[in-house]
Amino acid sequence: MQAIVLVGGEGTRLRPLTETVPKPALTLVDRPFLAYMIEWLAGHGVSEVVLACGFLPDVLQEALTGEEERAGVRITYVVEPDRRGTAGAFRYAADELGERLDQRFLALNGDVLTDLDLSALLRTHEQRAARATIALHPVEDSSVFGLVRTDEDGAVLAFLEKTGVAVPGEVNAGMYVLERSVLDLIPSDEEVSIERDVFPRLVGDGLRGLRLDGYWMDIGTPERYLQASWDILEGRVETRVEPTGAGLLVAADAEIADDAEAGPRVVLGPGSRLAAGAKVSGSVLLDGCVVSEGATVTDSILSAGVQVAPGARLEGEVVGADERVPADA
């Protein structure tokens with residue numbers, strides 16, 4: 001089974017974390033964010049993951065070095081020459097694969113952390129002889145998601161992309177099983193949306209949906225990035241991460257002074273250091289961060305190489321790579 005994964009976005013809502021690192025390559029707890037999806041796909045029988053890249057593809061490929069061996073899958077990189085939209089990106093990647101593309105394949109957005117039962121989606125697609133099957137996930141507020149309405153047999157009746165109305169419902173989870181024939185609906189070399197341009201044309205013509213309960217989160221904002229970190233460390237989503245403690249991960253070479261405090265809910269990346277009297281809680285510190293004497297960091301994200309001056313106070317901040325935080329911050 002092959003999976004085409006869209007990883008071309010710039011992650012603008014996570015800046016400055018993503019100014020020089022694409023969102024899929026951003027470290028989430030102890031590994032590149034996209035590694036979670038690759039491992040999850042491998043667990044559901046995917047043998048080749050095709051990454052449809054855009055922003056900083058070389059950085060992404062470097063971040064995923066060794067992931068083929070760890071996950072046991074083949075990783076193929078396809079770089080879009082220009083913006084193609086979600087459907088256009090799938091079509092471009094499919095064209096690059098050519099005859100190697102299976103008649104049935106998975107197509108996914110690469111910006112979610114999830115443990116949904118992808119195997120159930122594949123089984124249902126085959127049993128219903130569908131042309132396309134959308135994974136649906138229940139939410140209380142569907143205003144910023146694609147709201148999908150189905151009949152009792154799972155046939156899609158309406159596909160409403162980001163209505164802006166805060167109502168509960170089943171939303172498009174950004175993972176699909178597609179028959180290769182669906183690609184015929186997507187023009188080559190054009191910017192096309194699968195949500196707005198393709199799926200509405202398939203309503204009544206083989207478009208199905210299946211509700212999947214479980215963990216599902218788009219980490220596209222700093223708040224959700226932090227929440228996803230705690231969900232991983234506190235076991236609300238199934239991953240291969242081995243926490244140091246509940247809500248805590250401290251890299252083996254991180255240093256914490258005897259009278260410094262780390263927790264509750266802290267990630268200390270490799271080479272990070274908390275000096276005497278430093279206090280860190282509810283925060284992620286990536287590689288090589290230093291929190292100096294008496295400084296406090298709360299509910300914040302520090303990119304690699306950040307240095308916090310003695311006595312500084314940070315709360316609810318996102319700090320870019322290698323920045324210096326002064327004492328009057």
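Alanine 129, at 65% relative accessibility, counts as exposed, where exposed means over 50% relative accessible area, buried under 20% and partly exposed in between, computed with a 1.4 Å probe on protein chains only. Although alanine 129 is not a glycine, its phi is positive, about 50 degrees, and the residue lies in the loop between helix H5 (118-127) and strand E8 (132-139); helices (H or I, at least four residues) and strands (E, at least two) are DSSP runs, numbered from the N terminus.

The model is predicted, so local features need pLDDT of at least 70 and side-chain atom pairs count only at pLDDT 80 or more, while totals for chains, interfaces and linings use all residues. Residues are numbered from 1 along each chain as its sequence is written, and side-chain values use heavy atoms, with hydrogens and water left out.

Aspartate 322 is another residue other than glycine with a positive phi, here near 65 degrees. Aspartate 322 sits in the loop between strand E26 (318-319) and E27, and with a relative accessible area of 53% it is exposed. Glycine 45, which follows helix H1, also has a positive phi, near 90 degrees.

Two cis peptide bonds are set out below.

| Peptide bond | Omega | Citation |
|---|---|---|
| arginine 15 to proline 16, cis | near 10 degrees | |
| glycine 263 to proline 264, cis | about 0 degrees | |

Proline 16 belongs to the loop between E1 and strand E2 (27-28), whereas proline 264 belongs to the loop between strand E16 (261-262) and strand E17 (266-268).

Strand E1 (residues 2-7) is mostly covered, with six of its six residues buried. Both of its faces are covered, since the buried residues are Gln2, Ile4 and Leu6 on one side and Ala3, Val5 and Val7 on the other. Strands are taken to pair if DSSP finds at least two bridges between them. E1 runs parallel to strand E4 (residues 48-53), to which six bridges join it, and within this pairing leucine 6 has alanine 52 of E4 as its bridge partner. E1 also runs parallel to strand E6 (residues 104-109), here through four bridges, with isoleucine 4 standing opposite alanine 107 of E6.

Elsewhere in the chain, five strands form an open sheet with parallel pairing, in the order E15-E18-E21-E24-E27. Strand E15 (255-256) and strand E27 (324-325) are its edge strands, each of them pairing on one side only. Within the sheet, strand E21 (residues 290-291) and strand E24 (residues 307-308) are joined in the parallel sense by two bridges, and valine 308 of E24 is the bridge partner of valine 291.

Helix H1 (residues 33-43) is mostly covered, nine of its eleven residues being buried; among them are Phe33, Ala35, Ile38, Glu39 and Trp40. Which residues does glutamate 67 touch, not counting residues up to four places away in sequence? They are Ala35, Ile38, Glu39, Gly72 and Ile75, contact being defined by heavy atoms within 4.5 Å. Glutamate 67 itself lies in helix H3 (residues 67-71) and, at 2% relative accessibility, counts as buried. Its side chain is joined to that of arginine 70 by a polar contact of 3.0 Å, a term that denotes a pair of N or O atoms within 3.5 Å, of which, within protein, one must be able to donate a hydrogen and the other to accept it, residues adjacent in sequence counting only if both atoms are side-chain atoms.
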